[in-house]
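The report that follows describes the fold and the strand pairing of one chain, and it is best read with the structure in view.

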Amino acid sequence: MVDSISSSLPSIAELVPHAGAMSLLDCVVAAEGERLVAEVVVPEAGLFNREDGVGAWVGLEYMAQAVAAWAGWQGRQAGHAPRIGFLLGTRRYRSAVARFEPGQRLRVEIQRSYQADNGLGQFDCHIHCGEAELASATITVFGPEDPREFLKGETP
């Protein structure tokens with residue numbers, strides 16, 4: 001378990017191409033090889049909040065943003081700016097809770113399990129609060145070489 005933030009790790013804003021209300025993670029607490037650990041304190045109010053907290057389905061976005069942070073961290077080591085990627089889907093999203101409660105400190109752990117040459121990858125993801133695992137999934141992502149061209153439909 002990671003207890004403190006490494007001062008050598010960049011901020012989320014430096015790693016993830018999200019801004020404003022769509023930037024959901026607070027910080028990266030560990031990154032090494034194929035693995036990254038991020039944290040988020042569930043906010044009292046925000047884009048995804050209801051009166052009783054944040055729906056557990058938002059855990060998929062926490063996981064996807066942790067993958068984006070991992071990709072940003074990898075890219076930063078190679079001298080590249082963060083770029084957009086795409087969450088294609090998930091297998092077996094499991095949640096032990098219906099919602100994440102305001103004030104909970106969630107630890108989002110991701111580990112790359114597969115990477116194809118074309119930018120398709122899979123990550124095993126887990127969300128913990130303390131020692132309890134609140135959610136888990138395997139997510140599939142796609143990071144094209146040129147996201148703008150891909151969105152135009154001009155990438156084979």
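## Strand pairing and burial

Arg50 has Gly53 as its bridge partner, the latter in S4. This pair belongs to the antiparallel pairing of S3 with strand S4 (residues 53-55), which extends over two bridges. The model is a predicted one, and the description below should be read with that in mind.

S3 and S4 are part of an open sheet of three strands, ordered S3-S4-S6, in which the pairing is antiparallel. At the edges of this sheet stand strand S3 (49-50) and strand S6 (99-100), each of which pairs on one side only.

Seen as a whole, the chain contains three helices and nine strands, and the order of its elements from the N terminus is α-β-β-β-β-α-β-β-β-β-β-α. The radius of gyration is 15 Å, close to the 15 Å that the globule rule gives for 156 residues, so the chain is as compact as a globular protein of that length. Along the principal axes, the C-alpha atoms occupy a box of roughly 45 × 35 × 30 Å. Buried residues make up 41% of the 156 residues, and the chain exposes about 8600 Å², of which carbon and sulfur atoms supply 50%. Among contacts with a separation of 6 or more, 64% are between residues 24 or more positions apart.

Further antiparallel pairings involve strands S5, S7, S8 and S9, and the table lists them with a pair of facing residues for each.

| Strands | Bridges | Facing residues |
|---|---|---|
| S7 (residues 105-115) and S8 (residues 120-129) | eight | Gln115 and Gly121 |
| S8 and S9 (residues 132-142) | 10 | Gln122 and Thr140 |
| S5 (residues 86-95) and S9 | seven | Gly89 and Thr140 |

Strand S9 thus pairs with S8 and also with S5, and Thr140 of S9 stands opposite Gln122 as well as opposite Gly89. A further bridge partner in S9 is Ala132, which is matched with Cys129.

Two of these pairings are hairpins. In the hairpin formed by S7 and S8, four residues lie between the strands, and Gly119 in the turn has a positive phi of about 100°. In the hairpin of S8 and S9 there are two residues between the strands, and Gly130 takes a positive phi near 65°.

How many of the 11 residues of S9 are buried? The number is nine, so S9 is largely enclosed by the rest of the structure. Ser136, which has its place in strand S9, counts as buried because its relative accessibility is 13%, and the cut-off for burial is under 20%. Leaving aside residues up to four places away in sequence, Ser136 touches Met63, Arg92, Tyr93, Arg94, Cys125 and His126.

At the surface, the picture changes to a nonpolar patch of about 260 Å², which is made by Ile84, Phe150 and Leu151. Leu151 lies in helix H3 (residues 147-152), and with a relative accessible area of 56% Leu151 is exposed, because the term applies to values over 50%. Leu151, at 56%, is thus exposed, whereas Ser136, at 13%, is buried.

Definitions and conventions. Residues are numbered from 1 along each chain as its sequence is written. This is a predicted model: local features need pLDDT of at least 70, side-chain atom pairs count only at pLDDT 80 or more; totals for chains, interfaces and linings use all residues. Side-chain values use heavy atoms; hydrogens and water are left out. Patches are made of residues with over 30% relative accessible area and no salt bridge: like charges are joined within 9 Å, nonpolar side chains (Val, Leu, Ile, Met, Phe, Trp, Tyr) within 5 Å. Accessible areas come from the Shrake-Rupley method with a 1.4 Å probe; for residues, only the protein chains shown count as cover. A salt bridge is a side-chain nitrogen of Lys or Arg within 4 Å of a carboxyl oxygen of Asp or Glu. Buried means under 20% relative accessible area, exposed over 50%, partly exposed in between (1.4 Å probe, protein chains only). Two strands pair if DSSP finds at least two bridges between them. The radius of gyration is taken over C-alpha atoms; the globule rule is 2.2 Å times the number of residues to the power 0.38. Contact means heavy atoms within 4.5 Å.
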